[in-house]
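Please take a moment to look over the chain below before reading on. The paragraphs that follow lead through it step by step, beginning with a place where two helices meet.

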Amino acid sequence: MFWHQKTVEEVIRDLRTSLKGLSPEKAQKRFREYGPNELKEKKKRTPFTMFLDQFKDFMILVLIAAAIISGLIGDPEDTIAIIIIVVLNAVIGFVQEYRAEKAMATLKKMAAHTALVLRNGEPTNIPASELVPGDIVLLEAGKVVPADIRLTEAVQLKAEEAALTGESVPIEKHAMTLPDADLPIGDRKNMVYKGTALSYGRGAGIVVATGMNTELGKIAAMLQEEEEVKTPLQKRLTAFGKNLAFAVLAICVLVFAIGVFRGESPLLMLLTAISLAVAAIPEALPAVITISLALGAKKLVRQNALIRKLPAVETLGSVTYICSDKTGTLTLNRMTVEEVYLDKEVVNSNEGGVRSKKGSVAHRTPHSEFFTALSLSNDAQEDASGDLIGDPTETALYVFAKENGFNKSELGKVHPRVAEITFDSERKCMTTFHKINPHSLVSFTKGAMEVLLEKADYQLTSEGIKPVDREDLLQKNEKMAGNGLRVIGIAMRRWNALPEDISPENVEKGLTLLGLVGIMDPPREEVKEAVSLCKTAGIVPVMITGDHPVTAMAIARRLDMIEDGSKAVITGRELERLSLEEFEEKVDHLRVYARVAPEQKLKIIKALQDRGQFVAMTGDGVNDAPALKRADIGVAMGITGTDVSKEAAHMILLDDNFATIVKAVKEGRRIFDNIRKFIKYTMTSNSGEIWTIFLAPFFGLPIPLLPIHILWINLITDGLPGLALAAEPAEKEVMSRPPRHPKESIFTHGLGTHIIWVGLLMGFVSLFTQAWSIKTGHTHWQTMVFTVLCLSQMGHVLAIRSERESLFSQGLFSNKPLLGAFALTFALQMATIYVPFLNPIFKTEPLTFAELMFTLALASVVFIAVETEKLLLRRRKITS
């Protein structure tokens, strides 16, 4: 129902009520019919179910199978390690999901607890949950609106609706009928909505919707309907896990069959095949991912980004669109004077033409009159701690006057206020009287430009008082408004004494116009650079706001978000008229969405996702919560954000700054790069082990490694060195390349090829070691193969720290954890060879110095080969 279109009489008739309210009996009957005025929650999963759901991931199931196999072949260390990793993963996932369930509870907290209603004409306080359609509610400043209400009376009533609409300033309300059916919520000024706060005045109205039928209720329903989408990493790892499991199974069956065919012991071949299967599965991968994400999250907190759901850290690296709210994220969330019209010229306040320069225009007549008016005809004030209290527009004028040397507290003592005519939405202006000296007064009037122009006969210039130049003023007003500024006129009138008739009709006429002030919530200085960085990184920044199109376009132009404004901007009303097919054709070209409703934010995100985009959505209001949940990554505001938006989001900006998102994107890309490096490292190592055992029979060689060797290499090389890769710094060009395609395989950009050719090289180097040792009569050949394969992997991990950059230009000490892991792994490997009591356990024998040098030389072949590959890549890039 479009209640804003109906007259008060029509609303009373349709809801079968009266201005005296319902009778207790009728209210009770309606309560049974409509139910309590509360937000309903769908059935929740129990914590135990949520915990069990963490084990459904395919990669986790593969690891559990590996743990069981390890236990059966008598390798409890691997079993324990895998179980710890799996349980840790499940606990982290459970904690994140459990916290996400709080979003609905937080939404419910926004509701008012009590309401003052009329029952048979008598004011009665009742629990807000007992409100029903048709109730007459009495409203006053400081209260939370208990239901959706059509106003019947509004006396200077203002409502803070930023949480619901994104509008940055309090909205003035009235009780008049609004004929337009398509008005967005922010423009329905004869309505107040459940969960919003009243900041000024008083009023009364008829309850037209309660519970889930309210605008807040609709958001709650959307919030519960929206499923969170899987992160790109989760999707990639699921596919990777399935492919890996089938590949490992096929290889192990082949190795077993070839070994038995060659006459090897079936039991030995079974144990070898099973050991190979355990080694081939990168059980440290979930731990590496979790630790990478956790370290990234810790780093991001220092950069003012708090991660609520760990996978969100990596998701940022895939983002192709950032849909950002305007107020407080792209802008300062603080109304500021941007331009002033003084003495027939417009001056930009940011260019120093007005602000506190010695001898600035602020201190030259007649401009001192203008700044005195800004300071004195103002209800804003500072509290004891220096914080400003008052309407955002008034505080902007207060700050501007003070910055130019006109301090209200000092001026107020010299020129005290003696009378006033308060602001009302019909007159659109206010007037205050101030004593100049014992024999004269001045009245200052400020308000909407078009209103003051009708009331003014003169304007003050440096040449004195002149007749008002309406054409020039209208032109300047239009230009300032076209820049997205809210234009306020300032005028004065001198009096010999306080008039007996202090009425608007008597006082607000024959005024002398002093100037115009253009106010807006300006963009943050650092955001323009962040928007530019987004574009360099292949990310499209988009503004989605509940604010006016003119204001939104002005901010977008200043931030270089739009080039061709006419094609790149759309309003909620225009969006409503488009079919989904028509909208999806346009969505790639749109950069600014103005005056949009909550469900439209959701529609925008779904349309972008349908077009294959990966979307980050920022927001602070209740209206943003469903979209934050649906987005690939939801980013809530830490300062201005509602608790509901924070609970629905994946990440919270502690400084509410768009620029912080760009830092987080860089961190996300670094983390994914490092996870990819770990996969490159561990899968190449596993590939080397598989090729060594698989190819040996084709060269007529005995099995090169025993099960204990395979499991030991797997234990010491996969663990610490792999985890240390998580600390690798970002690549130099990390923000100069486009985002990864969300459906892109983890093995693209040469990763799969690298795993095969370097794995084959490891295998051939190991088999060459075996063949040469046997041929030259070295009885320690198995220990030599064992050492070469282990240390080849260590050389490989040093070489793959960067995709292109040489280890020597990076510096050995730029990743100290990796250097430490390398040293520890080397020491442990040497211990298996030279510590006597370990020789029978690992089936090893001490190597001579010559044999050790030979194995070290062969182990460095892989390092040299990978560094050569990177050199060729660098040269190819330079020549291209």
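**Helices in contact**

In this predicted model, Phe 678, Tyr 681, Thr 682, Asn 686, Glu 689 and Ile 693 of helix H28 meet Ile 710, Ile 713, Thr 717 and Asp 718 of helix H29. The residues of this contact between H28 and H29 divide into 5 nonpolar, 3 polar and 2 charged. Two packed helices are described by the angle between their axes and the distance between the axes. For H28 and H29 the angle is about 165°, and the axes lie 11 Å apart. Because angles over 145 degrees count as roughly antiparallel, H28 is described as roughly antiparallel to H29. The crossing of these two helices, H28 and H29, is right-handed.

Helix H29, which spans residues 707-718, also packs against helix H34, made up of residues 816-834, at an angle of about 155° and with the axes 10 Å apart. That angle makes H29 roughly antiparallel to H34, and H29 passes H34 in a right-handed crossing. On the H29 side of the contact are Trp 712, Ile 716 and Thr 717, which meet Thr 825, Leu 828, Gln 829 and Thr 832 in H34. Sorted by kind, the residues of the contact of H29 with H34 comprise 3 nonpolar, 4 polar and no charged. Thr 717 thus appears in the contact with H28 and in the contact with H34.

From these helices the view can widen to the whole chain, which has 36 helices and 26 strands. Of its 880 residues, 56% count as buried. Among the contacts in the chain with a separation of 6 or more, 72% are accounted for by residues 24 or more positions apart.

In soluble globular proteins, nonpolar side chains tend to be buried together. Here the largest nonpolar core has 129 residues, and those with the most contacts inside it are Ile 322, Leu 473, Leu 516, Met 543, Met 651, Phe 658 and Ile 679. The largest share of this core, 17 residues, is contributed by helix H28, which runs over residues 658-695. Apart from this core lies another one, of 49 residues, and Val 8, Val 542, Ala 625 and Leu 628 are among them.

Another helix to consider is H21, residues 549-558, in which Thr 551, Ala 552, Ala 554, Ile 555 and Ala 556 are buried. What covers these buried residues of H21 includes helix H13 (326-330) together with strand S20 (511-520), strand S21 (540-544) and strand S23 (592-594). Just after H21, Asp 560 takes a positive phi of about 60°.

Within H21, is Thr 551 buried or exposed? Its relative accessible area is 18%, so Thr 551 is buried, given that buried means under 20%. Leaving aside its neighbours within four places in sequence, Thr 551 is in contact with Lys 326 and Gly 484.

Glu 38 offers a last stop, in the loop between helix H2 (24-34) and helix H3 (47-53). With a relative accessible area of 41%, Glu 38 is partly exposed. Once its neighbours within four places in sequence are set aside, Glu 38 is in contact with Ser 129, Gly 211 and Met 212. The C-alpha atoms of Glu 38 and Asn 213 are separated by 9.8 Å, although these two residues are 175 residues apart along the chain.

Key. Residues are numbered from 1 along each chain as its sequence is written. This is a predicted model: local features need pLDDT of at least 70, side-chain atom pairs count only at pLDDT 80 or more; totals for chains, interfaces and linings use all residues. Side-chain values use heavy atoms; hydrogens and water are left out. Buried means under 20% relative accessible area, exposed over 50%, partly exposed in between (1.4 Å probe, protein chains only). Helices (H or I, at least four residues) and strands (E, at least two) are DSSP runs, numbered from the N terminus. Contact means heavy atoms within 4.5 Å. Axes are lines fitted to C-alpha atoms, for helices over the stretch in contact, and angles run from 0 to 180 degrees between N-to-C directions. Angles under 35 degrees count as roughly parallel, over 145 as roughly antiparallel, 65 to 115 as roughly perpendicular and the rest as oblique. A crossing is left-handed if the near helix is turned anticlockwise from the far one by less than a right angle, and right-handed if clockwise. Ala, Val, Leu, Ile, Met, Phe, Trp, Tyr, Cys and Pro count as nonpolar, Asp, Glu, Lys and Arg as charged, and the others, Gly among them, as polar. A nonpolar core is a set of buried Ala, Val, Leu, Ile, Met, Phe, Trp, Tyr and Cys residues joined through side-chain atoms within 4.5 Å.
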